[in-house]
Amino acid sequence: MQNLQQVVDFLKGNNLVLATAESCTAGLMASLVADISGSGAVMECGYVVYAVRAKREMLGVSLETIDRFGLTSEEVAREMALGALQRCGAGVTLANTGLAEAEGPMDGVVCFACAMTVDGEQRVLSETCQFNGERNAVREQAARHGLLALDRYINDLRNPAMQQD
């Protein structure tokens, strides 16, 4: 997809309602969707979960996963996406966790996960990307990346051969 209107149109065309679970972008993905006219038909809710406690209590992310893989990991993003899917009425969830500003190689690293139920089975996929720029530029790039990749994520989730274990 090329723009946010296409994201909303894609969700409408597929009768999907979105929920976000955001750490790094702090609600920016949900806000960008809400900027589009007609988004009320495709947006369920948005979780902003910066703190470990919020990730655990609001989305059920396990402390073991956090301790083993770290807060900025695909494993945490996957649990965030699945936790949102289990806790609200959305048909698809999009999560992220990352470092918008850090010293060293983790600077700008953001992990994304998308989850949905397909044929009665909860499925999730994830990816890690790195963005360049200052803190808010990284957050903006990450939010747009996740939303504009939503059609690819959903198509991959619908195709069992694309599943990650």
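This is a guided tour of the structure above, stop by stop, with a selection to make at each one.

The model is a predicted one, in which local features need pLDDT of at least 70 and side-chain atom pairs count only at pLDDT 80 or more, while totals for chains, interfaces and linings use all residues. Residues are numbered from 1 along each chain as its sequence is written, and side-chain values use heavy atoms, with hydrogens and water left out.

**The sheet**

Begin by colouring the strands, which, like the helices, are DSSP runs numbered from the N terminus (E, at least two residues, for strands; H or I, at least four residues, for helices). Five strands make up an open sheet of mixed pairing, in the order β2-β1-β3-β4-β5, where two strands pair if DSSP finds at least two bridges between them. Select β2 (43-48) and β5 (121-130) to see the edges: each has a single partner strand, so one side of each is left without a neighbour in the sheet. From one strand to the next the twist averages 15 degrees, taken between axes that are lines fitted to C-alpha atoms, with angles running from 0 to 180 degrees between N-to-C directions.

**Strand β1**

Now select β1 (18-22). All five of the five residues of β1 are buried, so this strand is largely enclosed by the rest of the structure; buried here means under 20% relative accessible area, exposed means over 50%, and partly exposed lies in between (1.4 Å probe, protein chains only). Leu-18, Thr-20 and Glu-22 lie on one side of β1 and Ala-19 and Ala-21 on the other, and both faces are covered. The strands β1 and β2 run parallel and are joined by five bridges, with Leu-18 opposite Met-43 in β2.

**Strands β3, β4 and β5**

Move next to β4 (residues 109-118), which pairs with β5 in the antiparallel sense over 10 bridges. On the other pairing of β4, seven bridges link it to β3, again in the antiparallel sense. To check the register, show Asn-96 with its bridge partner Phe-112 in β4, then Val-110 with its partner Cys-129 in β5, and then Ala-113, which stands opposite Ser-126 in β5. Nine of the 10 residues of β4 are buried, and the strand is mostly covered. Where β4 and β5 meet as a hairpin, two residues lie between them, and Asp-119 in the turn has a positive phi of about 50 degrees.

**Helix α1**

Select α1 (residues 4-13) and show the side chains of Leu-4, Val-7, Val-8, Phe-10 and Leu-11, which are buried. Viewed down the axis of α1, the buried residues fall within an arc of 160 degrees, so they line one face of the helix; the arc is that of the directions from the helix axis to the C-beta atoms. Their cover includes β1, α2 (28-34), β3 (92-98), α6 (135-148) and α7 (150-158). At the N-terminal end, Asn-3 caps α1, with a side-chain oxygen 3.0 Å from the backbone nitrogen of Gln-5. After α1 comes Asn-15, whose phi is positive, near 50 degrees.

**The nonpolar cores**

A nonpolar core is a set of buried Ala, Val, Leu, Ile, Met, Phe, Trp, Tyr and Cys residues joined through side-chain atoms within 4.5 Å. The largest has 36 residues, and those with the most contacts inside it are Leu-11, Leu-18, Leu-147 and Leu-150. At least two residues of this core come from each of α1, α2, β3, β4, β5, α6 and α7. A second, separate core has 21 residues, including Ala-54, Leu-59, Ala-77 and Cys-111. Centre the view on Leu-18 and, leaving aside residues up to four places away in sequence, look for what it touches, including Leu-11, Val-33, Val-42, Ala-90, Leu-147 and Leu-150; contact means heavy atoms within 4.5 Å.

**Ser-73**

Then select Ser-73, in the loop between α4 (63-69) and α5 (74-87). Ser-73 is buried, with a relative accessible area of 5%, and, not counting residues up to four places away in sequence, Ser-73 touches Thr-97 and Cys-111. A polar atom of the Ser-73 side chain lies 3.1 Å from the backbone nitrogen of Val-76.

**The two ends**

Finish with Gln-2, in the segment before α1, which is exposed at a relative accessible area of 68%. Asn-159 belongs to the segment after α7 and, at 34% relative accessibility, counts as partly exposed.

Technical notes
A polar contact is a pair of N or O atoms within 3.5 Å; within protein, one must be able to donate a hydrogen and the other to accept it, and residues adjacent in sequence count only if both atoms are side-chain atoms.
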